[in-house]
Amino acid sequence: PAADASPHIKNDSGKSSTSSISHTLTFDNRDNRFSPNRGYVISTTNELAGLGGSKRYLRNQVSAGVYYSIYPEFVISALGQAGHIIGIGQDIGVNERFNLGGDSFRGFATAGMGPRDVNTNDALGGNAFGVGTVELSFPLGLPDEFALKGRVFAEAGSVFGLDKKNLVGVADDTSLRASLGVGTSWESPFGPIRVDLAFPLLRETYDEKQLFHFSFGRRF
């Protein structure tokens, strides 16, 4: 790590190895995986590390989404994700923790929310997270061959939790964050491209904002 990095990051520096097994179960009845108009999807992933290597933990994540067409090409969706990681005989390191921001929570910079060393401004990640999104997608009145759609959305959630409590110079709480935004997406030949403009409505003073976000690929 850099010389001016958080001491909590420096404490995690050094060699480590991870040997893990994981599985994912998914149920998906959406009418279209890439541009759904109706249906729902549920997915859960469990990962166990410790079958060799120096890292030992259990990570669980679940995600779900519901899509409903309220009018032809006007689709409202509700998406949610949550996760938790617990160490097995050891604390969870910075690299194993969850982060929110950027593509995972618009209106905030990548790793822009959650536990942070307020002296160095380094994000530390959290052992647990939850985030929910409500979004309305709609046509922009352009010919279908342009494959452009508009969106309005709202997001709310938090990432929090460190193994060691009351660390000096570290901000960590469960307060709710929220943002509201608009965006557009293009179904390009290489995959979906999204441009979003989001405004944080609820945040902590140490969180990092990001109004514009550009992403390639699917969020969910």
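Which residue in β7 is the bridge partner of Arg 116? I looked this up before anything else, and the partner is Ala 123. I note at the outset that the model is predicted.

**Entry 1. The three-stranded sheet**

I followed Arg 116 outward to its surroundings. Strand β6 covers residues 116-117, and two bridges join β6 to β7 in the antiparallel sense. I then traced the sheet as a whole: three strands form an open, antiparallel sheet in the order β7-β6-β10. Its edge strands are β7 (122-123) and β10 (170-171), each of which pairs on one side only.

**Entry 2. The nine-stranded sheet**

I turned to the other sheet. Nine strands make up an open sheet with antiparallel pairing, and I read their order as β1-β2-β3-β4-β8-β9-β11-β12-β14. At its edges I found β1 (18-28) and β14 (212-216), each pairing on one side only. Neighbouring strands of this sheet are turned by 20° against each other on average, direction ignored.

I recalled that strands of a sheet pair through backbone hydrogen bonds, either parallel or antiparallel. I then checked individual pairings.

- I found 14 bridges between β3 (residues 57-71) and β4, which run antiparallel; Leu 58 stands opposite Ile 86 in β4.
- I found 10 bridges between β4 and β8, again in the antiparallel sense; Leu 79 stands opposite Thr 133 in β8.
- I found 12 bridges joining β8 to β9 (residues 148-160), with the two strands antiparallel; the partner of Val 131 in β9 is Gly 157.
- I found five bridges joining β12 (residues 191-202) to β14, also antiparallel; Ile 193 stands opposite Phe 216 in β14.

**Entry 3. Side chains along β14**

Which residues of β14 point to the buried face? I found that the side chains alternate along this strand. His 213 and Ser 215 point to one face and are buried, whereas Phe 212, Phe 214 and Phe 216 point to the other and are not.

**Entry 4. Two serines in the strands**

I looked up Ser 77, which lies in strand β4. Is Ser 77 buried or exposed? Its relative accessibility is 7%, so Ser 77 counts as buried, the cut-off being under 20%. Leaving aside residues up to four places away in sequence, I recorded contacts of Ser 77 with Val 66, Tyr 67, Thr 133, Val 134 and Glu 135.

I next looked up Ser 63, which lies in strand β3. With a relative accessible area of 15%, Ser 63 is buried. I also took its separation from Ser 185: the two are 122 residues apart in sequence and 22 Å apart in space, C-alpha to C-alpha.

**Entry 5. Aromatic pairs**

I described each ring pair in the usual terms, the distance of the centres and the angle of the planes. The count comes to five aromatic pairs. One of these is Tyr 71 with Phe 74, which is edge-to-face at 5.9 Å centre to centre and 70° between the planes. Tyr 71 is exposed, with a relative accessible area of 56%, while Phe 74 is partly exposed at 28%.

Phe 98 and Phe 129 form a tilted pair, with 4.9 Å between the centres and 50° between the planes. Phe 98 lies in the loop between β4 (74-87) and β5 (107-108) and Phe 129 in strand β8 (residues 128-139), so the pair ties together parts that are 31 residues apart in sequence. Both Phe 98 and Phe 129 are buried.

I also noted a cluster in which ring pairs link Tyr 71, Phe 74 and Phe 138. Separately, I found Arg 106 over the face of Phe 153, at 3.6 Å from the ring centre.

**Entry 6. The nonpolar core**

How many residues does the largest nonpolar core have? I counted 12: Ala 49, Tyr 57, Ile 85, Ile 92, Phe 98, Leu 100, Phe 105, Phe 108, Met 113, Phe 129, Val 131 and Val 159. The list includes Phe 98 and Phe 129, the tilted pair of the previous entry.

I closed with Ile 92. Not counting residues up to four places away in sequence, Ile 92 touches Tyr 57, Ile 85, Ile 86, Gly 87, Arg 97, Asn 127 and Asp 163. Among these contacts, Tyr 57 and Ile 85 are also listed in the core.

Notes: Residues numbered from 1 in each chain as written. Predicted model: local features only at pLDDT ≥ 70, side-chain atom pairs only at ≥ 80, totals over all residues. Heavy atoms only, no water. Phe/Tyr/Trp six-rings, centres within 6.5 Å; stacked < 30°, edge-to-face > 60°. Buried < 20%, exposed > 50% of the residue type's maximum accessible area, 1.4 Å probe, protein only. Helix = DSSP H or I, 4+ residues; strand = E, 2+ residues; numbered from the N terminus. Lys NZ or Arg CZ within 6 Å of the ring centre and 35° of its normal. Pairing = 2+ DSSP bridges. Axes fitted to C-alpha atoms, helices over the stretch in contact; angles between N-to-C directions. Contact = heavy atoms within 4.5 Å. Core = buried A, V, L, I, M, F, W, Y, C linked by side-chain atoms within 4.5 Å.
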